[in-house]
Every structure is written in C-alpha cells, then in structure tokens.
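Got the structure open in your viewer? Let's take a walk through it, picking out one thing at a time.

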Amino acid sequence: YIDPGLKFIKKEAIQGMDAVDFSRVATLCCLLQSLLCSEKNPLDMKMEAAKLHPLICTVFVFAYVWSMGGNLVEKSMDAFDTFTRELFGEVHDVKLPGSADLFSYYVDFESRRFETWEKIIPSFVYNPEAKFFDILVPTIDTQRYGYLMEKLLEVRRSVLFTGTTGVGKSVIAKGLLNNLQEKGSYVNVVINFSAQTSSIRTQEIVESKLEKKRKTILGAP
C-alpha cells in the first residue's frame, strides 16, 4: 500500500509543501504507534481476532490517509480520497464510509469503525473575559487537526501546520498547547518570527520559560 501511495502523490497530486518519502512513512509509523500503543489508552491485543483485525486495519487506513495525504492541497485531497478507496476497496476487514471523504472521519475505538468528526466536536462556551483573537470556536478543522497534533506529540513527533494566511493554523496550535499546559504535560513557548528576529532573541525567549537549576544549567519548571 505504501509504494502505490507514494507514486500517486508524485505523479498525480500537488503537495502543500514538498516532503520526502521517508517523512511520510515515518509519520505513518508514529500515528500507528500513538493510536495502537498509547500509554494512556493501549489497545487490548488479547481481543478476539474477529474484532481486533478489523480495528487494526481501520486504524491503518486512518493513519495512511493523513500521513500520505495530509500535506496535499484541497483539490488533490479529493483525488487521493478516490485513490485510497480503490486501493482498500477489496480489503474485507475495512469498512470504508460511503459518504464524504475519508478526511472527514476518525476511528472510534469503542465501535471499532469510522465515525464523523462532528460526533466529538466539543460545545462552544463563550468566555466574556477572553480576547477576541484568543477565542476558538470548535469546528471540524480544529477538532481533526488538534487531534492529529495531540497524537503525534504523544510520541514526541514534531508537527508543522501548513496553509494559506488566515485559515487558523496558529489559533489551533495555541488552543491545543494551552489545553496540554493546563493538564501539566507541556510548557508553552510562543515565538513569532520576523525578518528582524535574531538567534540571541530566540534563545532569550526559550530561556525565559525555564528555571535556573544551577549557575549554568537551566531546566523545565
């Protein structure tokens, strides 16, 4: 499944940002590790085979779709969706959804099948004290990109959001990182780069979030 997907992307698709084949395969492995071998919610490998095999196959298709096609422009995503459906169409352990594209679904581990992102979008609670630009109204995009980012961070995989100006990349990333900080998992360091940003200034911003352990040693707070 990997080689046909890589060949399709090279010949038939347009990437939002050029990526090497190794990066796509590595991302696929990281998503599989996060979804199947998570320390928080590990998959029960002692489950009966009739239930386990379809679930693993469904998770593989989900990881395949996002690791291979997540970096494509919108028009190419539609073509990649058609290609993926044809590629996995005869795999009996995977039941692909009939409506919408595969990017519109996640894997529900309880039902062991694809479900739409709408089912897990949290309700919006307005905070009158929040700044206008800090308000994030949950949508399908915020849910799925936040979900993928969180899963990749769980296995210490770097994440880069790409897209045109104003689509909400920074807001989604900040929203998720703020939630993770509240849970005590991470400490956020927001750095806005410009043509005037120097290496010294970057170092100062990072170090300002750390604690002095010894005279020349800084560590996490």
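Start with the whole chain: of its 221 residues, 33% are buried. Keep in mind that this is a predicted model. Colour the chain by secondary structure and you should find seven helices and four strands. Going along the sequence, they come in the order α-α-α-α-β-β-α-α-α-β-β. If you rotate the view, the C-alpha trace spans about 60 × 40 × 40 Å along its principal axes. Among contacts with a separation of 6 or more, 53% are between residues 24 or more positions apart.

**Stop one: the largest nonpolar core**

In soluble globular proteins, nonpolar side chains tend to be buried together. To see this chain's largest nonpolar core, select Val 59, Phe 62, Tyr 64, Trp 66, Phe 80 and Phe 114, which touch the most other members out of 39 residues. Which elements feed this core with at least two residues each? They are helix H1 (2-12), H2, H3, H4, strand S1 (105-108) and H5. H3 is the top contributor, giving ten residues.

Now zoom in on Phe 80. Skipping neighbours within four places in sequence, Phe 80 is in contact with Phe 8, Ile 9, Tyr 64, Val 65, Met 68, Gly 69, Leu 72 and Phe 103.

Next, pick Leu 35, in helix H2. Its relative accessibility is 6%, so Leu 35 counts as buried. Show what is around Leu 35: not counting residues up to four places away in sequence, it touches Val 59, Phe 62, Phe 109, Tyr 147 and Lys 151. Try the distance tool on the C-alpha atoms of Leu 35 and Phe 62: they are 27 residues apart along the chain and separated by 10.0 Å.

**Stop two: Thr 58 and Arg 112**

Head to helix H3 and select Thr 58. Is Thr 58 buried or exposed? With a relative accessible area of 4%, Thr 58 is buried. Beyond residues up to four places away in sequence, Thr 58 touches Asp 93, Val 94, Val 107, Arg 112, Arg 113 and Phe 114.

Follow that list to Arg 112, in the loop between S1 and strand S2 (113-116). Arg 112 has 30% relative accessibility, so it counts as partly exposed. Check its backbone too. Most residues other than glycine have a negative phi. Arg 112, though, has a positive phi, near 60°.

Arg 156 is worth a click as well: its phi is also positive, near 60°. You'll find Arg 156 in the loop between H5 and H6. At 78% relative accessibility, Arg 156 counts as exposed.

**Stop three: Leu 176 and a second core**

Move on to helix H6 and select Leu 176. Leu 176 has a relative accessible area of 9%, which means it is buried. Apart from residues up to four places away in sequence, Leu 176 touches Gly 146, Met 149 and Glu 150. What separates the C-alpha atoms of Leu 176 and Gly 146? The gap is 6.2 Å, although these residues are 30 places apart along the chain.

**Last stop: the largest pocket**

Rolling a probe the size of a water molecule over the atoms shows where empty space is left. Turn on a surface and look for the largest pocket, with a volume of about 1300 Å³. To find its centre, select Gly 70, Asn 71, Leu 160, Phe 161 and Thr 162, the closest to that point among 37 lining residues. Helix H2 (21-36), H3, H4, helix H5 (140-154) and helix H6 (169-182) each give two or more residues to the lining. The largest share, six residues, comes from H5. Colour the lining by type and it divides into 17 nonpolar, eleven polar and nine charged residues.

Finish on Asn 71, in the loop between helix H3 (49-69) and helix H4 (74-88). Asn 71 has 16% relative accessibility, so it counts as buried. Leaving aside neighbours within four places in sequence, Asn 71 is in contact with Gln 15, Gly 16, Met 17, Ala 19, Arg 24 and Thr 162. Zoom in on Met 17: its backbone oxygen lies 2.3 Å from a polar atom of the Asn 71 side chain.

Note on methods: Residues numbered from 1 in each chain as written. Predicted model: local features only at pLDDT ≥ 70, side-chain atom pairs only at ≥ 80, totals over all residues. Heavy atoms only, no water. Buried < 20%, exposed > 50% of the residue type's maximum accessible area, 1.4 Å probe, protein only. Polar contact = N/O pair within 3.5 Å; in protein donor to acceptor, adjacent residues only side chain to side chain. Contact = heavy atoms within 4.5 Å. 1 Å grid on protein atoms, 1.4 Å probe; cavity = no way out; pocket = protein on both sides within 12 Å on 5 of 7 lines; lining within 4 Å. Points joined across faces, edges and corners; volume = space filled by probe spheres on them. Nonpolar A, V, L, I, M, F, W, Y, C, P; charged D, E, K, R; others polar. Core = buried A, V, L, I, M, F, W, Y, C linked by side-chain atoms within 4.5 Å.
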